[in-house]
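Hi,

Here is the structure I promised to pass on. Have a look at it first, and my notes on the empty space and the ligand come after.

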Amino acid sequence: MAEGTHSFPSDFVWGTATASYQIEGAWDQDGKGLSIWDVFTHDASLMQDKGASGDVACDSYNKYPEDIALMKDLGVSSYRMSLAWPRIIPDPISGEVNEKGVAFYNRVIDALLDAGIEPSVTLYHWDLPLVLEEKVGGWASEDIIPYFLKYADVCFDRFGDRVKFWITFNEPDIFIDHGYVLDWHAPGRADFKDIGPYPVSFNVVRAHGKAYRLYDEKYRPTQKGRIGITLNCDWSQPKDPSNPADVEARLRYFQIKIGLFTNPIFVNGDYPEELKERISSRSEPGKSRLPTFTEEEKAYLKGSSDFFGLNYYTTRLVASKPMEDTPGYLGDKSYEGQTDPSWPRAVSNWLYSVPWGLRKLLGTIKNDFGDPDIYITENGFTTQPGVLHDPDRIQYLREHLTELSKAINEDKCRVRGYYLWSLIDNFEWHQGYKERFGIYSIDFSDPARPRTPKDSVAFYRQVVQSGKV
Ligand code: PNW
């Protein structure tokens with residue numbers, strides 16, 4: 001395979017990413033408690049891929065040495081993984097730490113470091129302990145915040161001597177939308193369909209900010225690591241850039257999708273002014289559906305991320321769709337996200353390849369959010385199960401990395417690293433095993449869960465080892 005001409009800095013971090021529930025399996029092993037995803041998949045009524053679950057998944061709980069050997073062979077310098085909260089604190093109400101769960105992550109972290117791979121660790125990648133949903137009300141209740149802080153404290157305390165890169169939440173924008181506004185993901189509540197995601201994101205962003213301050217004050221002085229948040233963000237392009245209604249709709253899209261997090265964290269500790277006005281004017285007088293931060297909250301939220309963790313997959317053309325008369329969340333949005341028939345499409349119905357969207361988005365993050373250090377914490381493409389010859393994935397990766405290189409070298413975006421989603425085929429949430437993101441294929445009908453390289457492995461190895469695409 002020919003070496004490319006688009007280069008990356010010599011200290012650029014190359015990695016692959018996974019998440020606990022999607023790969024570990026061992027759902028009831030060694031004292032692990034139940035998570036909302038265990039019951040969501042076992043009940044199956046809301047699953048697209050009925051019967052699919054993370055019960056065994058890639059069996060990485062037992063096969064992690066093999067995964068690490070694959071990464072060593074690729075030559076990546078970092079692995080983005082997540083911790084299963086119910087493995088570490090099975091019953092957060094009692095608060096007792098499960099030493100077997102801690103020991104498992106100690107084994108993984110030590111094996112990574114032995115292989116010369118830095119762990120980059122996400123605290124919350126969606127597997128909430130079930131008791132917190134059932135007894136506390138999940139992320140819809142602010143009573144959950146102290147439980148999250150206790151969990152974060154245990155993780156920093158137990159693993160922070162070796163883990164120097166922390167992510168509090170993976171894609172709160174997605175798990176809130178899919179789990180509380182829609183019923184696609186656990187906990188499958190959809191009870192915020194009309195009110196909108198605002199009360200839930202209000203709790204999550206404050207939990208994030210407090211965990212950041214906890215690390216900053218109690219652990220950073222000795223552990224000297226970094227901590228931030230990862231957001232999923234499509235690029236949003238006005239469908240007709242000369243139509244002011246589409247330009248406004250595009251801004252609403254951006255603010256509703258991620259402004260609920262980016263504005264408090266990276267701008268000024270508060271929600272965007274346009275959004276505050278719009279939602280309050282569409283709520284009962286004096287009772288905006290968008291909550292209000294106290295001055296103290298604004299102070300701890302502002303600047304509460306050492307980097308911008310970006311999961312970029314795709315782009316939407318945003319068209320204005322006047323629905324102001326519709327009460328609630330739908331009317332708040334009054335937009336429609338569309339796609340272009342010329343965009344190549346993955347197996348996942350939402351995933352179209354739009355590489356230029358990544359470069360545009362990076363420029364916007366640089367300009368709007370104070371030129372932060374950026375890590376692409378996920379980027380990837382789906383193919384059909386069993387496919388090993390994956391030229392469409394290679395093309396997706398090649399084109400996105402080319403745009404990324406231009407964003408770094410020409411636009412001076414401070415992108416420090418890139419994590420490919422995903423190292424191995426895994427449990428793709430409500431789609432189960434129907435859509436495959438791995439560069440290694442897994443046969444989920446074989447109890448041994450063998451890992452087999454797809455063509456994209458050789459491509460990514462070449463990029464990682466040459467620093468060029
Ligand atoms: C992310 N969308 O989820 C998650 O962080 C991963 O766990 C997941 O496997 C990966 O991306 C691929 O889906 C997303 O609808 C889910 O735009 C849905 C969307 C984006 C990201």
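Below is what I found on pockets, cavities and the ligand.

First, the ground rules. This is a predicted model, so to speak of local features a pLDDT of at least 70 is needed, side-chain atom pairs count only at pLDDT 80 or more, and totals for chains, interfaces and linings use all residues. Residues are numbered from 1 along each chain as its sequence is written, and side-chain values use heavy atoms, with hydrogens and water left out.

**Pockets**

The search runs on a 1 Å grid over the protein atoms alone: a pocket is an open set of points with protein on both sides within 12 Å along at least five of seven lines, a cavity is a set where a 1.4 Å probe fits but cannot get out, and lining residues have an atom within 4 Å of a point. Points are joined across faces, edges and corners, and a volume is the space filled by probe spheres set on them.

The largest pocket comes out at about 1300 Å³. Its lining has 49 residues, with Ile174, Asp177, His178, Trp184 and Lys257 nearest the centre. By class that lining splits into 24 nonpolar, 13 polar and twelve charged residues (nonpolar is Ala, Val, Leu, Ile, Met, Phe, Trp, Tyr, Cys and Pro; charged is Asp, Glu, Lys and Arg; the others, Gly among them, are polar). At least two lining residues each come from α8 (172-181), α10 (244-268), α13 (328-333) and β9 (335-338); helices (H or I, at least four residues) and strands (E, at least two) are DSSP runs numbered from the N terminus.

The second largest pocket has a volume of about 170 Å³. Among the residues lining it are Val13, Glu118, Lys164, Arg226 and Tyr419. Strand β3 (residues 118-124) gives the largest share of that lining, three residues, and the classes are five nonpolar, three polar and three charged.

**Ligand**

Where does the ligand sit? It is in the largest pocket, where "sits in" asks for more than half of its atoms within 2 Å of the grid points. There are 16 residues around the ligand, and Gln22, His125, Asn170, Glu378 and Glu428 come nearest (near means a heavy atom within 4 Å). The shell divides into seven nonpolar, six polar and three charged residues.

For polar atoms, a ligand oxygen lies 2.6 Å from a side-chain N or O of glutamate 428. The corresponding distances are 2.7 Å for glutamine 22 and 2.9 Å for tryptophan 429. On its own the ligand has 450 Å² of accessible area, and the protein covers 94% of that (Shrake-Rupley, 1.4 Å probe).

**Cavities**

How many cavities of 30 Å³ or more does the structure hold? There are four. The largest cavity encloses about 130 Å³, and 15 residues line it, of which Ile23, Glu24, Tyr79, Met81 and Val108 are closest to the centre. Helix α3 supplies the largest share of this lining, four residues, and the lining residues are nine nonpolar, four polar and two charged.

The second largest cavity is about 60 Å³. Its lining includes Tyr21, Glu24, Trp27, Lys32, Arg87 and Asp127, and α1 and α4 (85-88) each contribute at least two residues. Here the split is four nonpolar, four polar and four charged.

Cheers

Technical notes: A polar contact is a pair of N or O atoms within 3.5 Å; within protein, one must be able to donate a hydrogen and the other to accept it, and residues adjacent in sequence count only if both atoms are side-chain atoms.
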